[in-house]
Structure formats: C-alpha cells, structure tokens
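Hi,

Here is the model I promised to pass on. Have a look at it first, and then read on for what turned up.

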Amino acid sequence: MIASTRFSVLDRSRTREGHETAEALRDTVQLAREAEALGFHRFWVSEHHGVPGVAGSAPTVLAAAVAAATSTIRVGTGGVMLPNHRPLVVAEQFGVLASLFPGRIDMGLGRSVGFTDGVRRALGHGKEDAEDFPGRLAELLGWIDGTQQAHPGVHARPAEGLRIPAYVLAIGEGAAAAGLPLVIGDLRGRDTVLRAIEVYRRDFRPSARAEHPEVIVAGTVAVAGTEEAARRLLVPEAWAMAYSRTHGDFPPLAPAERIETLTMTAKERSLYEQGLAGHIRGTEDRVAARLERAIEETGADEVLVTNSTYDREALVDSLRRLARIARPQGRSDERCPSPHPVGRTAGPHPATTGVDA
C-alpha cells in the first residue's frame with residue numbers, strides 16, 4: 001500500500017538555539033527544495049503567532065517563498081487558521097498565490113486560535129471565533145466560487161473563479177459537510193483518528209470540489225540508520241513540548257545531547273517521555289512496516305509527514321530515507337491527475353492505541 005500512497009511534507013519552521021530566527025525560514029525553503037528533488041507530492045507550512053520556537057507566523061507569505069524556490073511540488077498551508085482572519089483576505093491571498101503559481105497551490109485551513117490569551121487579544125479574536133468555523137469556511141469558499149451573497153457587489157480579486165483546492169485540518173464534521181478532503185493526525189492517537197475518519201466518510205457530502213471523501217493522515221516520522229539515532233531525532237521536540245507544558249512558553253529547539261544531560265522534574269520527565277512515545281520511528285525496514293500498518297488501518301490516500309529536530313543534516317537524511325521507503329515517483333501532476341482522487345476505504349483493522357515507540 002505504501003507504493004500507491006502519496007507522501008508529502010509539513011514543516012513548522014522551528015527555531016533553534018544559537019541560530020537566528022530568520023534562519024528557520026530559510027531552512028524551510030531549503031527543505032522544500034529537498035522534498036521536491038526527492039519526489040514528494042506537496043510541501044506545506046504552518047501558522048503560529050507569538051511563539052518563540054516557531055518562525056512561521058505568516059503561512060501565505062512563506063508559501064510564496066517556497067513556491068518561488070521550487071517548480072513542480074505542490075505548495076500550501078497546513079494551515080491557515082481561519083478564526084484569525086477575515087475570509088475575504090484569505091481568499092485574496094490564495095488568489096494571488098494561485099495566480100502566480102497556477103496549478104500548484106493548496107489551501108489548508110484550520111480552526112485553532114492563538115496560543116495564549118495575550119496572543120488572542122492581539123489578534124482580535126477569541127476562542128468563540130473557532131465555533132463559527134463552518135460559517136467562515138462557507139464564506140471563504142463563496143468568495144472563491146463567486147457565490148457569496150453577504151456582501152453584494154464585492155468580489156475577491158484575483159481569487160474569484162480560480163480552482164484552488166481546499167483542505168480542512170482535523171475537523172472531520174466541517175470537512176464532511178463542506179465536501180472537502182480531511183487532514184487529520186497525529187498517528188499516535190490511532191483509535192481517535194480512526195473514529196474521526198469513520199465519521200467523516202460516513203457523513204461526507206459530495207461537492208463540486210470533491211466527489212468522494214479523501215483522507216490525508218499527518219504524523220511525525222523519523223528514519224535513521226539505527227533505532228537510537230531515530231529516537232534522538234525526536235528528543236528536541238519532545239523536550240520543547242514538555243517545557244511548554246510546565247513553563248507556559250514554547251522554546252526554540254535545543255541539541256539532543258544537551259537535553260539528555262538535563263536534570264528534569266518528575267513532571268517534566270513524564271511529559272518528555274510521553275513526547276518521545278508513539279511516533280513512527282526507526283530504521284527504514286521498521287518504519288516501512290509501521291507505515292504500511294498505519295495506511296492499511298486508516299485507508300489514507302496520503303501521508304503528511306513532519307519532523308522537527310535540531311540537527312538539520314539528520315532531518316534531511318531522515319527525509320531521504322523516507323523517500324526510499326515511499327518511492328515517490330515523478331512530478332505531482334503525473335502521480336495525481338486530479339487534486340481530489342477517489343478516496344480509499346479502510347478495511348477491517350485491529351484495535352490499537354497507536355504505533356509503539
């Protein structure tokens with residue numbers, strides 16, 4: 001099943017200790033070039049505001065830089081957080097992207113709001129705005145399709161009339177009702193993911209954008225020459241998550257060797273170990289087996305992989321090893337003529353709580 005599954009890459013532009021923030025953005029662009037050369041289907045960037053550990057605060061701007069630095073790989077957002085923005089502005093931004101890079105732009109949309117109360121106030125939006133995600137999504141699609149009626153005489157230029165594939169992150173009911181592909185993760189909470197996918201496929205309503213349900217499963221994948229080397233790829237992010245949960249601040253990535261010498265409190269240690277557990281990691285053979293199982297259980301049409309680590313050379317090596325496993329073939333338009341192919345249906349699967357570490 002791996003050979004017939006699309007593989008794509010999501011990068012969160014993580015900052016690193018001892019490196020300028022701008023370097024994280026340049027690293028993202030360079031990683032996109034690597035992903036394209038390796039034959040991955042698409043490359044997405046994320047949106048975070050006021051987070052010291054993440055440089056990617058303006059995903060459409062960063063997507064433009066990625067698209068300009070590449071030539072064949074699809075480029076998009078994973079995603080633009082719709083509650084933070086006016087739908088008209090989002091439509092205009094993607095209209096510009098799709099006009100500059102026709103046939104290559106994806107519009108991934110999420111419902112998350114700011115990381116802290118202060119960030120939410122600065123953005124002018126609160127948690128209640130996330131509850132109106134279906135309405136904001138419908139308005140956004142209406143701006144692009146030219147069907148919106150709330151603002152007569154107003155048009156989203158140059159987006160109106162363009163074909164810009166849209167994807168919904170994590171909100172199964174929103175994707176199903178709108179007739180859009182679903183992006184869901186991560187692979188650690190497999191039972192929860194399987195239930196959400198089942199409901200999405202059951203409730204999916206065909207639309208002009210997608211006749212059939214399509215599932216993109218997202219998760220962290222780390223591949224290395226040894227099991228220990230693969231585990232160390234996960235160490236910086238696991239510690240950053242543990243630190244944020246205990247200190248309220250999401251820090252830049254630290255080197256794995258420094259983290260492993262830290263004296264942690266019991267709570268920090270517990271959260272850190274949790275952060276290391278459950279991801280798909282290991283040597284190529286072991287990762288291949290785990291990916292095969294994940295694809296079979298979820299019926300995923302595509303796997304969107306992410307990995308944040310301090311060692312960029314090890315990160316690129318992991319991506320190259322994953323490419324050997326996935327065997328991406330040729331350009332994205334050759335592998336997937338339609339942006340929304342007929343979705344798979346998952347077969348019977350054993351009960352599981354995730355992929356063992």
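In this predicted model, the helix that gives the most to the lining of the largest pocket is α9, with seven residues. That pocket holds about 1,400 Å³ of space. There are 47 lining residues, and the closest to the pocket centre are Arg 12, His 48, Asp 186, Glu 237 and Met 241. Besides α9, the elements that give two or more residues to the lining are β7 (182–185), β8 (215–223), α11 and β10. Sorted by class, the pocket lining has 21 nonpolar, 19 polar and seven charged residues.

Since α9 and α11 both turn up in that lining, their packing is worth a look. Helix α9 covers residues 227–247 and helix α11 covers 266–276; their axes come within 8 Å and cross at roughly 135°. The two helices are therefore oblique to each other, and the crossing is right-handed. On the α9 side the contact is made by Arg 231, Leu 234, Val 235, Ala 238, Trp 239, Ala 242, Arg 245, Thr 246 and His 247, while α11 brings Lys 267, Glu 268, Leu 271, Tyr 272, Gly 275 and Leu 276. That comes out as eight nonpolar, three polar and four charged residues.

Now for the closed spaces. How many cavities of 30 Å³ or more are there? The count comes to two. The largest has a volume of about 100 Å³, and the second largest has about 40 Å³.

Lining the largest cavity are Val 9, Leu 10, Asp 11, Leu 31, Val 221, Val 305, Thr 306, Asn 307, Leu 315, Ser 318, Leu 319 and Leu 322. At least two lining residues come from each of β1 (6–11), β10 (302–306) and α13 (312–326), with α13 giving the most, four residues. The class split here is eight nonpolar, three polar and one charged.

The second largest cavity is lined by Asp 11, Arg 14, Arg 16, Leu 253, Asn 307, Ser 308, Thr 309, Arg 312 and Leu 315. Its lining has two nonpolar, three polar and four charged residues. If you flip between the cavities, you will meet Asp 11, Asn 307 and Leu 315 in the lining of the largest and again in that of the second largest.

Next, the helix pairs that involve α3. Which way does α3 run relative to α2, and how do the two meet? The axes of α2 (residues 59–69) and α3 come within 10 Å and cross at roughly 0°, which makes α2 roughly parallel to α3. Thr 60, Ala 63 and Ala 64 of α2 touch Gln 93, Phe 94 and Leu 97 of α3. This contact has four nonpolar, two polar and no charged residues.

With α6, things look like this: α3 (residues 87–100) and α6 (residues 133–145) have axes that come within 9 Å and cross at roughly 45°. That makes α3 oblique to α6, and the crossing is right-handed. From α3, the residues in contact are Pro 87, Leu 88, Val 90 and Ala 91; from α6, they are Arg 136, Glu 139, Leu 140, Trp 143 and Ile 144. By class there are seven nonpolar, no polar and two charged residues in this contact.

Last, some backbone oddities to check while you have the model open. As a reminder, most residues other than glycine have a negative phi, and most peptide bonds are trans. Where are the cis peptide bonds, then? One runs from Gly 78 to Gly 79, with omega near 0°, and Gly 79 is in the loop between β3 (74–77) and β4 (80–81). Another joins Arg 157 and Pro 158, where omega is about 0°; Pro 158 sits in the loop between α6 and β6 (166–169). Then there is Ser 13, which is not a glycine but has a positive phi of about 50°. You will find Ser 13 in the loop between β1 and α1 (21–37).

Cheers

Definitions and conventions: Residues are numbered from 1 along each chain as its sequence is written. This is a predicted model: local features need pLDDT of at least 70, side-chain atom pairs count only at pLDDT 80 or more; totals for chains, interfaces and linings use all residues. Side-chain values use heavy atoms; hydrogens and water are left out. Axes are lines fitted to C-alpha atoms, for helices over the stretch in contact, and angles run from 0 to 180 degrees between N-to-C directions. Angles under 35 degrees count as roughly parallel, over 145 as roughly antiparallel, 65 to 115 as roughly perpendicular and the rest as oblique. A crossing is left-handed if the near helix is turned anticlockwise from the far one by less than a right angle, and right-handed if clockwise. Contact means heavy atoms within 4.5 Å. Ala, Val, Leu, Ile, Met, Phe, Trp, Tyr, Cys and Pro count as nonpolar, Asp, Glu, Lys and Arg as charged, and the others, Gly among them, as polar. On a 1 Å grid over the protein atoms alone, a cavity is a set of points where a 1.4 Å probe fits but cannot get out, and a pocket is an open set with protein on both sides within 12 Å along at least five of seven lines; lining residues have an atom within 4 Å of a point. Grid points are joined across faces, edges and corners, and a volume is the space filled by probe spheres set on the points.
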